[in-house]
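Subject: Handover of a structure

Dear colleague,

Please find the structure below, together with its sequence. My findings follow it, and I would be grateful if you read them with the structure open.

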Amino acid sequence: MTPQEPSGHPVFRLVEIMARLRSPDGGCPWDLEQTFATVAPYTVEEAYEVADAIERGNLADLKEELGDLLLQVVFHARMAEEQGAFDFAAVAEAINDKMVRRHPHVFGDVRHRDVAEQTEAWETIKAAERAAKSAAPKSAAPAASLLDDVPVGLPALTRAVKLSKRAARVGFVWPSATEVLAKLHEEVAELEAEVAAGDIDKARDELGDVLFVCANLARELDIDPEAALRGTNAKFVRRFNFIEAELAARGSSPEASDLSEMDALWDAAKAAERAA
């Protein structure tokens, strides 16, 4: 921590706590054993817990989960500092610079007519950043792909949307949602054929194609597919809980019931939601 940094500030206190946890002299054995690779799954998990708190509208939980996510940033930065790569201040400075660079309409003299033009400018700036990052002599490396920096570790549906958005920037895209839906019907028909043939390997490929087209449809409609699926998951849980409660009131349970009875209760749950 530099002399300019207020040691009493909560953020820098967290940096100091992490340094103590990682100290070979009296630090925490578990924290000392961790690496970027072992901490990464916790980082992803904490990001999902932030999203879950937002989905539930629970601001108290959101505060706590944001703290947990911030800890992940501090943890990675501390390990990098130990290797002489960068520290937390460098992480903060990098994102400060990026946000100023990507918002010339706020921090500069650029003006945009509307949000659409601003978004286009944002993508142009990002493209320039990617080009600068991948710049290298042609003899040293092959030309960078437009898709190179779409992270492999993203959830598959989210990555599919990002891949299709990137391809759409150069015109490789279905013209409208109508064409995407037509392609979806085509892929579903191919999936049905492989299921009927009993070829699970080919069915797996076709199911992937169906999901990828669904991701394209989400992009075309400007819908976050992960959020849409989370909503459907929550709806499924809500309706299945209704089934369990109704069966319990009858002195029964899902295990003791059959599909016909549970399907009727599912329809009752849907009707109750519509009436609410």
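**The enclosed cavity**

Helix 4 gives the largest share of the lining of the largest cavity, namely four residues. Please bear in mind that this is a predicted model. Together with helix 4 (59-82), helix 1 (10-21) also supplies at least two residues of that lining. The full list of lining residues is Val-15, Met-18, Ala-19, Val-74, Ala-77, Arg-78, Glu-81 and Phe-88. The volume of this cavity is about 40 Å³, and the structure holds one cavity of 30 Å³ or more.

Helix 4 is also the place of Leu-66. Is Leu-66 buried or exposed? Its relative accessible area is 43%, so Leu-66 counts as partly exposed, because that term covers values between 20% and 50%. Between Leu-66 and Ala-51 there are 9.7 Å in space, taken from C-alpha to C-alpha, and the two are 15 residues apart in sequence.

**The largest pocket**

The largest pocket holds about 1200 Å³ of space. Its lining is made up of 36 residues, and those nearest its centre are Glu-123, Lys-126, Lys-162, Lys-165 and Arg-166. Two or more lining residues come from each of helix 3 (36-56), helix 5 (88-102), helix 7, helix 8, helix 10 (200-221) and helix 11 (225-249). Which element gives the largest share of the lining of the largest pocket? That element is helix 7, with nine residues.

**A nonpolar patch on the surface**

Leu-146, Leu-147, Val-170 and Phe-172 make a nonpolar surface patch of about 400 Å². One of these residues, Leu-146, is found in the loop that lies between helix 7 (115-134) and helix 8 (156-168). The relative accessibility of Leu-146 is 32%, so this residue is partly exposed. A residue needs over 30% relative accessible area to be part of a patch, and Leu-146, at 32%, therefore passes that cut-off.

**Cysteines and disulfides**

How many disulfides does the structure hold? The number is zero. In general, a disulfide is a covalent bond that links the sulfur atoms of two cysteines. As for exposure, Cys-28 has a relative accessible area of 23% and is therefore partly exposed. Cys-214 likewise counts as partly exposed, because its relative accessibility is 31%.

Yours sincerely,

A colleague

Methods. Residues are numbered from 1 along each chain as its sequence is written. This is a predicted model: local features need pLDDT of at least 70, side-chain atom pairs count only at pLDDT 80 or more; totals for chains, interfaces and linings use all residues. Side-chain values use heavy atoms; hydrogens and water are left out. A disulfide is a pair of cysteine sulfur atoms within 2.5 Å. Buried means under 20% relative accessible area, exposed over 50%, partly exposed in between (1.4 Å probe, protein chains only). Patches are made of residues with over 30% relative accessible area and no salt bridge: like charges are joined within 9 Å, nonpolar side chains (Val, Leu, Ile, Met, Phe, Trp, Tyr) within 5 Å. Accessible areas come from the Shrake-Rupley method with a 1.4 Å probe; for residues, only the protein chains shown count as cover. A salt bridge is a side-chain nitrogen of Lys or Arg within 4 Å of a carboxyl oxygen of Asp or Glu. On a 1 Å grid over the protein atoms alone, a cavity is a set of points where a 1.4 Å probe fits but cannot get out, and a pocket is an open set with protein on both sides within 12 Å along at least five of seven lines; lining residues have an atom within 4 Å of a point. Grid points are joined across faces, edges and corners, and a volume is the space filled by probe spheres set on the points.
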